[in-house]
Amino acid sequence: MPSTRNTSTSTEEAGSVKKQTRSSQRIRNTVSKPAYNEAIDIIEDESSEVSRGGKRKERSVASAAKTSKRSKPSLEETPSPKSNNDEAVLHDRSESESKTSPKILKNKREAAVVDGGDDGETMFIGEPVADEEARRRWPKRYQGKGAKRVVTKSSKDGSDSEEVIQARRHYTQAKVDGCLIYNLYDDAHVKAEEGEDNYICKIVEMFEAVDGDLYFTAQWFYRARDTVLKKLGHLIDKKRVFFSEIQDDNPLDCLVEKLNIVKVSLNVDSEVKKKEIPSCDYYCDMLYKLEYSSFTNLPPEEKTNVSEEASSTISEDNLDNVVGANNNHEEASLLDLYSGCGAMSTGLCLGANMAGLKLVTRWAVDINKYACESLQWNHPETTVRNEPAEDFLALLKEWERLCASFSLSKSENLEKQSFNSYDNEDDNNNEVEVEVEDEDEDGNGGSDGEVFEVEKFLAICYGDPKEKGERQLHFKVRWKNYGPEEDTWEPLEGLGDCQECLKEFVTAGFNSKILPLPGDVDVICGGPPCQGISGFNRFRNKDNPLQDEKNKQLQVFMDIVEYLKPKFVLMENVVDIVKFSEGFLGRYALSQLLHLNYQVRMGMMAAGAYGLPQFRMRAFFWGARPNEKLPQYPLPTHDLIVRGVIPLEFEMNTVAWSEGQKPELEKKLLLEDAISDLPPVGNYENQDAMDYGNDPKTEFQQFIRLSRDDMPGSSSAKSGKHLLYDHRPLQLNTDDYQRVCRIPKRKGANFRDLPGVLVKADNKVEWDPNVERVYLESGKPLVPDYAMTFVGGTSCKPFARLWWDETVPTVVTRAEPHNQAILHPEQDRVLTIRENARLQGFPDYYKLFGPVKERYIQVGNAVAVPVSRALGYALGLAYQGVVSSDEPLMKLPPRFPNPVEKTSSGSSQDNS
Ligand SMILES: C[S@@+](CC[C@H](N)C(=O)[O-])C[C@H]1O[C@@H](n2cnc3c(N)ncnc32)[C@H](O)[C@@H]1O
């Protein structure tokens, strides 16, 4: 099994799917408060005191004066000579400097270990813990004769070590400043630097070191602002703190005051939770871990009290037994928000089904009608709603009221409202006065009020389908004695007399769940667009990205989560979410889920690491209700070097194998593996479906061609063989086509290979003065000016051919060859929609709808299917509670998801 993530190794990339190492620095950089970061530092050896002190001053506490503070500051400021352990050296603290006054601690190296010593002292009191028991509970403190001992941690690569202060004896009670009694496992404030809020800890050890120094071991609580949330910490209740597993040893006199920190249970019902919180200094309901910015349920009580060695971050579940283990096939419902053509939910359902969870996309919402068409064709079982997500949310609220007004459900969230009027039996003549656009004899438009009778309601929406400038609830009406072509959308307020029709529609809709009510949705997934952070958007609002209308959907997504309260949430976004404005929106997403009392974590996954010839890094946020297991991130299956597109602070969030691990990975895929079997087509190909014409050549091709019912994880009814869909390119205009025809068919070819272009030593292009400019039949230049000036003349992308042995950086939504490498290696055209779909891992049976450009958009917008399938597998396990550990990473079963026996491609172990 994989071993512990190594946090302190070399900076060389070792050649496979691993993080590039700078990891130890990264851990430290991840948390704003140096005090918390440094908790993982090693306690220095006695002999290094002088240099250690200098280092500390440089880093954070240069102006620390004579104040004793937590952790290293106090070590640094108390470099007094070795004490005689039993010698009681008293200090001169007066009563007035007790816990309530702002604490200015004097140099207190001179503490005492005297039972019942003088007031004002800092000392352990009571009997020490019996020697045998102390050695059993804290064995690492009793291993050597010296003051410190190097202990190698249990990581499998064996390179993690720390120095452990050796103890003479342990205690369970201490008196600090002569008055305050602290017991083992008390919570306390710990002195911080001047001007900083005191740190918060649980005292998990109290011991006298062999050199006589008195220590307590702090296990830290984090304030929200000291976690990854940073400046968005203010969105979390001030009294809410997060427990951590980070511990370090501090001089006893750093303790400032005892605290009452109440452990409360997480509850997605904030009101209930609020009532549960008694009067206290702080309350705590979650554990915070730096790895993958995780906030999870608190471990059971005994674990919170006991210090535990850090262990592997990878779950050791026996996954081989999991596939197909759940014969009950528990069914769960999925809502895909901002669904596009449905790639994300398609993958999630396939993966979850492979883990034994029957996950079904019941509802999908997208503003793009072509994307909705595609999703509907591929998922007949899904109710696809073509509307803005904000209208969908408003509709859900109205729907809840409607259902409650007909006593179909209890409306917990909303006031019962005007719909009660529909209970009135007298209001039932079904007659409605409708404004009818008429043309008079002169052909002038006019409007008239006419009375029509409603036959039935067909559909419901919230919005402005009649474009009257007012958003409200509307019903689609079939009029008595009229056909479907005369159906119209009518506002609810005008339908007051149609009591029976309304009741019938709502009852049928409630029974068939045309819309989800709170509690109906088990999983919400979605990629809310944040165009306001896109690198392409020059008008980005850096100061408050949430004010930017283009980022509003992130809030809408969270509002829908808050309203529906699903068991699980998976949100996807571009890596810019943690880059733009110091990761503002990424932190916001985490804070919102936390605010809603979800467990959360965030990881970055590269599509290429899951079996695609495409790099494509994306951020994924998991959320899980408190009573659920928080899903893990599936580790890469394919050998891909993770490139540095992630800000330093979040590099640790990359889902990757750690240094020192030697996983059996598949070779990374190349363009040839994905598309070499597809029949040649030209620039003018216009068929939407055709025969394959030949057999698959690679394992990837064999798998991607599987029929819907043969696809692992598919729950579809038999669909049999399919044609090759969407294998047609964006048709280039004549000029571009002629340009493309002149680009050589070899690796690396692009516009620079055309006559008249010179490449200088600095890799910039310029016109060749000896070559006359070449013009096309249209009179336009062969080499357009924009190609010469793109990225200051340094880019090789205009009219670039891809080559068979390449990995594509990222499939995007456009197919124009002017500023991206998208030409087929050997055919004079851009990659077809299907070729792009293959690079995104869409099964070949997935057919797309809409104009050609729209189909490219759907493919380019998609979450790569192999990534969502792997995440779906992890979700399936978590949903069923088949996850035995709280670790953030998991291994997929061997050869996942391909059941096809291995043929030619070998393991990547020998692929250097
Ligand atoms: C990144 S794509 C999602 C891709 C999808 N997750 C998949 O895997 O195929 C974002 C989608 O959000 C849709 N969208 C943008 N604004 C929207 C809104 N206000 N309401 C609903 N959908 C919206 C776009 O049409 C686009 O399809």
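**Notes on the ligand site, strand β7 and the cysteines**

1. A good place to start is Glu390, which has a polar side-chain atom 3.3 Å from a nitrogen atom of the ligand. Please keep in mind that this is a predicted model. Two backbone contacts go with it: a backbone N or O atom of Ala389 is 2.8 Å from a nitrogen atom of the ligand, and a polar backbone atom of Met344 is 3.0 Å from a ligand oxygen.

2. On its own the ligand has 600 Å² of accessible area, and the protein covers 87% of that. Two or more residues of the surrounding shell come from each of α8 (343–354) and α10 (389–405).

3. The shell holds 20 residues, and Tyr338, Met344, Asp366, Ala389 and Val863 come nearest to the ligand. By class, the shell residues are 10 nonpolar, 7 polar and 3 charged.

4. Next, have a look at strand β7 (residues 187–190), where Asp187 and His189 point one way, Ala188 and Val190 point the other, and all are buried. β7 runs antiparallel to β8 (residues 199–209), joined by 4 bridges; Val190 has Tyr199 as its bridge partner there. β7 also pairs with β11 (residues 255–259), again antiparallel and over 4 bridges, with Lys258 as the bridge partner of Ala188.

5. Lastly, the cysteines: the structure has 0 disulfides. Cys498 is in none, and the nearest cysteine sulfur, that of Cys501, is 5.7 Å away, whereas a disulfide would need the sulfur atoms within 2.5 Å. Cys498 counts as buried because its relative accessibility is 0%, while Cys741, at 32%, counts as partly exposed.

Key. Residues numbered from 1 in each chain as written. Predicted model: local features only at pLDDT ≥ 70, side-chain atom pairs only at ≥ 80, totals over all residues. Heavy atoms only, no water. Buried < 20%, exposed > 50% of the residue type's maximum accessible area, 1.4 Å probe, protein only. Pairing = 2+ DSSP bridges. Near = heavy atom within 4 Å. Polar contact = N/O pair within 3.5 Å; in protein donor to acceptor, adjacent residues only side chain to side chain. Areas by Shrake-Rupley, 256 points an atom, 1.4 Å probe, with all protein chains shown as cover. Nonpolar A, V, L, I, M, F, W, Y, C, P; charged D, E, K, R; others polar.
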